[in-house]
Amino acid sequence: MASESLSQENCVQNGMEAAQVAVVMVPLPAQGHLNQLLHLSHLISSYNIPVHFVSTTMHNRQAKDRIQGWDLSTTTNIHFHDFPTPPFHNPPPDPNATYKFPSQILPAFHASMHLREPVYAFVNKLTSTARRIAVIYDSMMAYVVQDINSITNVETYCFNSISAFCIYALYWEINGKSALSTEAEILKELPSSEGCVPPEVSKFTELQLEAKKSSSGDLYNSNRLIEGLYLDLLSKEKTTGTDKVWAIGPFNPVVIPEKRVSNSHKKCLEWLDKQPLISHYKQSKPSSSTFSNEQVKKLALGLEQSDQNFIWVLRDADKGDVFEGEVRRVPLPEGFEKRVEGRGLVVRDWAPQLEILGHPSTGGFMSHCGWNSCIESISMGVPIAAWPVHSDQPRNAVLITKALKIGLEVRDWAHSEELVSPAMIEKAVRRLMDSAEGEEIRKRAAELGDAVKQSVMEGGATRKEMDSFIAHITRQIFPYQI
Ligand SMILES: O=c1ccn([C@@H]2O[C@H](COP(=O)(O)OP(=O)(O)O[C@H]3O[C@H](CO)[C@@H](O)[C@H](O)[C@H]3O)[C@@H](O)[C@H]2O)c(=O)[nH]1
């Protein structure tokens with residue numbers, strides 16, 4: 001972390017007018033990535049710094065449509081730049097699709113391959129209007145920004161969309177699992193990353209690693225209260241090639257405004273309003289993967305048997321986030337919705353997840369453990385029943401259940417090839433929501449949530465770290481450097 005410190009209000013006095021700096025955001029065009037950098041754009045723009053958000057027309061629309069917890073119309077400092085969306089047609093829906101395969105990621109990879117030239121041309125042109133440009137790029141967009149470092153007065157910052165815990169574990173694994181600080185011994189319990197991603201994802205990741213140039217620092221949507229140890233190790237060991245590490249998350253708002261701003265499905269929030277406090281439990285469909293019809297049926301039965309109130313986000317799968325394609329509407333067991341009427345709500349659309357998690361009636365979250373879902377749930381003080389599906393998720397589940405102890409596993413990752421039975425689902429929900437063990441877990445989650453909220457408020461440690469990042473990118477440019 002850099003030593004500069006700067007408050008949000010007086011950043012323009014730091015030798016260089018904040019307005020002379022522009023930030024360009026280069027997100028991977030996929031939901032779990034777009035939303036993180038859009039939230040970060042919001043935070044940075046509040047320091048009176050213009051932010052340019054670049055993606056395809058369709059993905060910019062997706063990002064804007066799905067903002068949660070704040071209102072885009074309240075800021076004039078975020079500028080969207082739309083580049084053409086290359087056509088892509090998803091394969092037809094498969095009712096037996098293995099839930100491990102994140103087919104919706106393929107259009108994102110395809111779109112990103114068309115952004116290298118337009119993004120370079122855009123940043124190059126922007127240099128005539130700003131004295132320094134800080135390009136914040138998703139680590140999965142290293143290929144796209146590879147030429148940008150060579151432009152005068154441009155600095156690049158690599159944003160890691162996954163947890164510091166997972167990044168550190170990956171480097172530790174690659175480097176032959178050698179020396180390990182005793183505090184980090186939990187890494188020895190981690191499941192292997194082998195088989196967690198399909199070959200298309202491995203190939204795309206390798207392309208990024210080959211293209212990656214050194215950057216001026218690394219950014220994490222994380223918080224030292226959650227991952228301090230791993231952030232320190234990343235910085236101390238310069239694992240990613242830099243010791244400048246800023247953990248400035250959660251990027252998402254930690255307090256949900258009373259006036260609901262989400263464009264997405266409001267029915268579930270109104271339903272929650274009518275529930276008693278902390279009575280409800282949420283099961284979410286991952287935004288980037290698919291459950292087979294058989295697994296959906298078992299999940300329905302497990303939820304029914306759990307006897308808990310729930311919202312189940314069961315979006316229609318296979319369409320991809322924004323691209324055209326056929327929709328697979330997953331059938332539910334006959335009579336299910338009638339039987340759970342009043343205590344269970346099935347949502348087929350895009351749900352306002354952050355707002356649901358921030359609702360006082362929400363007591364638990366069964367999640368695939370995508371990093372956004374983890375950090376959103378942590379910041380809202382909601383414990384997690386972890387049901388990882390692919391990628392970094394099995395490791396996030398270890399962070400949640402074993403390191404932080406703010407959740408429990410629905411099933412052991414070692415058995416991830418098997419279907420999860422209704423009995424296992426019922427047991428996990430009851431343990432979390434209706435047992436002494438669950439009460440302890442819920443208490444720890446609430447305490448961590450409160451501490452994280454405090455850290456991002458004025459005077460909090462994470463706010464100071466954010467100020468430090470802003471101070472760094474707006475630092476004085478001496479004449480001989482120009
Ligand atoms: O109905 C829905 C479904 C999702 N979301 C939001 O969409 C995001 C989903 O992100 P995440 O929980 O990270 O899931 P994925 O989209 O599956 O994330 C991908 O990207 C993450 C960041 O790299 C990785 O950690 C995951 O493994 C990878 O699957 C979150 O902000 C949710 O709040 C909604 O608002 N409504």
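This passage goes through confidence, one buried helix, an exposed arginine, the cysteines and the internal cavities.

The model is predicted, and the average pLDDT across the protein comes out at 86. Of the residues, 83% score at least 70. For the complex, the predictor reports an ipTM of 0.99, alongside a pTM of 0.91. The start of the chain is another story: residues 1–18 keep a pLDDT under 50 throughout. Even so, the model gives that stretch 51 contacts beyond four places in sequence, and these are best read together with the score under 50.

Helix α13 spans residues 371–379 and is mostly covered, with nine of its nine residues counted as buried. The run of buried residues begins with W371, N372 and S373, carries on through C374, I375 and E376, and ends with S377, I378 and S379. So the buried set takes in an acidic residue, E376, which counts as charged. After the helix comes G381, where phi turns positive, near 70 degrees.

Now to R329, which sits in the loop that links β9 (309–313) to α11 (336–339). R329 has a relative accessibility of 53%, and it counts as exposed because the cut-off for that label is over 50%. How far is R329 from M380, C-alpha to C-alpha? The two C-alpha atoms lie 31 Å apart, with the residues 51 places from each other along the chain.

On the cysteines, the structure holds zero disulfides. Why does C369 not pair up with C374? The sulfur of C374 is the closest cysteine sulfur to that of C369, but the gap is 4.4 Å and a disulfide needs the two within 2.5 Å, so the pair is too far apart for a bond. C369 itself has 0% relative accessibility and therefore counts as buried. C374, its nearest cysteine by sulfur position, belongs to α13 and is buried as well. C268 also comes out at 0% relative accessibility, so it is counted as buried too.

Finally, the inside of the protein. Rolling a probe the size of a water molecule over the atoms shows where empty space is left. Here the count is three cavities of 30 Å³ or more, and the largest cavity holds about 50 Å³ of space. Its lining includes Y137, A142, V145, Q146, N149 and T156, together with the run A211, K212, K213, S214 and S215. By type, the lining of this largest cavity splits into four nonpolar, five polar and two charged residues. The charged ones are K212 and K213.

Terms used: Residues are numbered from 1 along each chain as its sequence is written. This is a predicted model: local features need pLDDT of at least 70, side-chain atom pairs count only at pLDDT 80 or more; totals for chains, interfaces and linings use all residues. Side-chain values use heavy atoms; hydrogens and water are left out. Buried means under 20% relative accessible area, exposed over 50%, partly exposed in between (1.4 Å probe, protein chains only). Helices (H or I, at least four residues) and strands (E, at least two) are DSSP runs, numbered from the N terminus. pLDDT is the predictor's confidence in each residue, from 0 to 100. Contact means heavy atoms within 4.5 Å. On a 1 Å grid over the protein atoms alone, a cavity is a set of points where a 1.4 Å probe fits but cannot get out, and a pocket is an open set with protein on both sides within 12 Å along at least five of seven lines; lining residues have an atom within 4 Å of a point. Grid points are joined across faces, edges and corners, and a volume is the space filled by probe spheres set on the points.
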